[in-house]
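Student: Could you take me through one part of this structure closely, with the terms spelled out as you go?

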Amino acid sequence: MTQMNMLQAINNALDTAMGSDERVLCFGEDVGVFGGVFRATSNLQQKYGKARCFNTPLVEQGIIGFANGLAAQGSVPVAEIQFADYIFPAFDQIVNESAKFRYRSGNLFNVGGLTIRAPYGGGIAGGLYHSQSPEAYFAHTPGLKIVVPRNPHQAKGLLLASIHDKNPTLFFEPKRLYRASVGDVPDEDYRLPLGEAEVLKEGTDVTVLGWGAQMEVIEHAVEMAEKEGISCEVIDLRTILPWDVETVANSVLKTGRLVVTHEAPLTGGFAGEIAATIQERCFLYLESPIARVTGMDTPFPLVLEKEHLPNSLKVHEAIRSSVEF
Amino acid sequence: MTTTKSKVVYNPVFTDGAEFRIPTFKLLKQDGSLYKGAKAPDLDKEKALRIYRAMVTTRILDERMLAAQRQGRLSFYMQCTGEEAAVIGSTAALDDADMIMAQYREQGALTYRGFTIDEFMNQLFGNELDYGKGRQMPVHYGSSKLNYMTISSPLATQIPQATGYAYGQKLKGDGHCTITYFGEGAASEGDFHAALNMAAVHRVPVIFLCRNNGYAISTPAAEQFAADGVAPRAYGYKMDVIRVDGNDILAVHEATRAARKLAVEHNRPVLIETMTYRLAAHSSSDDPSGYRSKDEEAVWREKDPILRMRLWLESKKWWSEDDEKQLQENMRREVLETMKRAQKRPPPALDTLVSDVYDEVPPALAEQFDRLKAHIRRHPDAYPKSAEHAKREA
């Protein structure tokens, strides 16, 4: 065990993967000698050489197209998009290519070795273009996996699982948490399961569900609610696609209430998908409407970021409203 | 049907374009004198001083605001330092009504056009007078009055937009063009290639100005492209191209003046590659010591474009030591006073959260906004920037 922040855990996961399998490559803008603008790839070029860890030209569609080709050839590319806000030039390569490579060829070819890492999310005074949470766009794309870690331990285990998974995986890193705290991270290679949510705390009155940086927000909100005598069950979804319906449904069958929260805007956000599925599965057990606490239906602001974000006060109010319905 | 005018050969002949060597256009030496044989540009005293004042103002603004960022007064900043001639020399060669679509390091263009220090500060501090309503990070300026399109952080997106904007100008027939600025890193984006190809195909009056400043954050130009700079790409699109010493204000001005003539009078788009150097860090979040040497920076510090112009102005007796001292003192004072004023101004009103998403606020968003206001009224202490607004709108 070593104490690491999330960036160190991610760096350690990449180091572990590159050290154990020479097919693993890391590349992207500023990823080489500089180690990435957040330093997630620090020392990897120095350790594994320029052929396996390198700067690319500044072209996201090129980075992912190149990564698709590498993955098809049998390499294991881990491509970095510097900010999730800048992933959109690569949308075509991800949505039409990565996601459909296996299906369209009848499994003659696949890009299952592909992992795309991108820092996402707000709370860092990043304004419109350094704050977005684009998971829902990709959640509408069968063939992709989407993974979001909540802390250093999860980050290493989920990233290693993503790298070794046999499907193209988007790994969104909550950049607000990069250096926010440290935690115990095993030194060895370990993989946490994809497609499985984790119940972080059992409770009886209401299920509170989120992922990534929002888990910290939930923690504070739940603390407030518990002081008022509300027993909360907390779930980290961890994998957005394909998502763990069973764990969430079983929880809601028990509590009868569900609050889902994410930073992305309300309309078309992934909470809508969860709400629809859970009301189908748990309709007769629901004691209150499923609540969504999300960013507003606007671009991401700067000065009024705090007003926009689904903070712990808002999540706490939703928990209370759900219980008092 | 695909056709080509090329001649036919009967053995495989490869060509790598090495026969095309694009020269670098220079006029002004670092000591302020003209190169032998260089034609003095058509630049009168009034305009020359307008350019110089804009360069000095930009440098001082950048120095002060980076310091303010270091003091924690500002969340973020980006400097134009070292590239003032490339930006201001080109803007000055245009008509003030020509459109500018910049990347994010071209505050010098705004300074030249007359954006006031107050206007800069209001954006940097995102206060109630910021035209962008406190929505974007610092340095994302915009001015419809000065024909300067609001900055967008994603790289290169403005380049094909400039082609489209200029096509509209051509149809309108008002004799104006668009200039778009970008770095040599952004020129790797697909948008760059699309923009140049469409401009050449549709004969659009647009000037593509590449600030080849050596680095895209940490990535050196040598890892950005294998070719000799960005300029040779113009051949592939059949576009006029010129490479200029980007720290030479006279050469940049003259090249852009001639490019504008081609664009506006002959509907010929032009690529200008200005060879310069980003003397500062990429942004206040960056530390170049991790990827380049102090020695390399020192070489370029010697090529300071502002000093070079000053020496030229002094040689023409258009500028003196006293003038310099006065300008420096006045600008430093104005920047500091204006900063204090801007910092004290209140943030934008709460309803700027939901306005301008569409021309009108849709009903579902209006409902979200009502819920937000009620929430803020229940927790006024948690929202110091907006509690008063929420209360007033109760």
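Student: How many residues of chain A are in contact with residues of chain B, and how many of chain B with chain A?

Tutor: This is a predicted model, in which local features need pLDDT of at least 70 and side-chain atom pairs count only at pLDDT 80 or more, while totals for chains, interfaces and linings use all residues. Residues are numbered from 1 along each chain as its sequence is written, and chains are lettered from A and ligands numbered from 1 in the order in which they are written. In the model, 33 residues of chain A are in contact with 41 residues of chain B, where contact requires that the C-beta atoms of two residues, placed from the backbone, lie within 7 Å. On the side of chain A that touches chain B, the elements that give two or more residues are α11 (305-308) and α12 (312-324) of chain A; helices here are DSSP runs of H or I with at least four residues, and strands are runs of E with at least two, numbered from the N terminus. Sorted by class, that side of chain A has 19 nonpolar, seven polar and seven charged residues, with Ala, Val, Leu, Ile, Met, Phe, Trp, Tyr, Cys and Pro counted as nonpolar, Asp, Glu, Lys and Arg as charged, and the others, Gly among them, as polar. Turning to the partner chain, the UniProt record, an unreviewed entry, annotates residues 52-349 of chain B as "domain: Dehydrogenase E1 component", an annotation that may be inferred rather than shown by experiment. The end C-alpha atoms of residues 52-349 of chain B lie 38 Å apart, and this span is 47% helix and 11% strand. Within chain A, M6 and A9 are among the residues of α1(A) that meet α7(A), whose contacting residues include P152 and A155, and this contact has 10 nonpolar, two polar and one charged residues.
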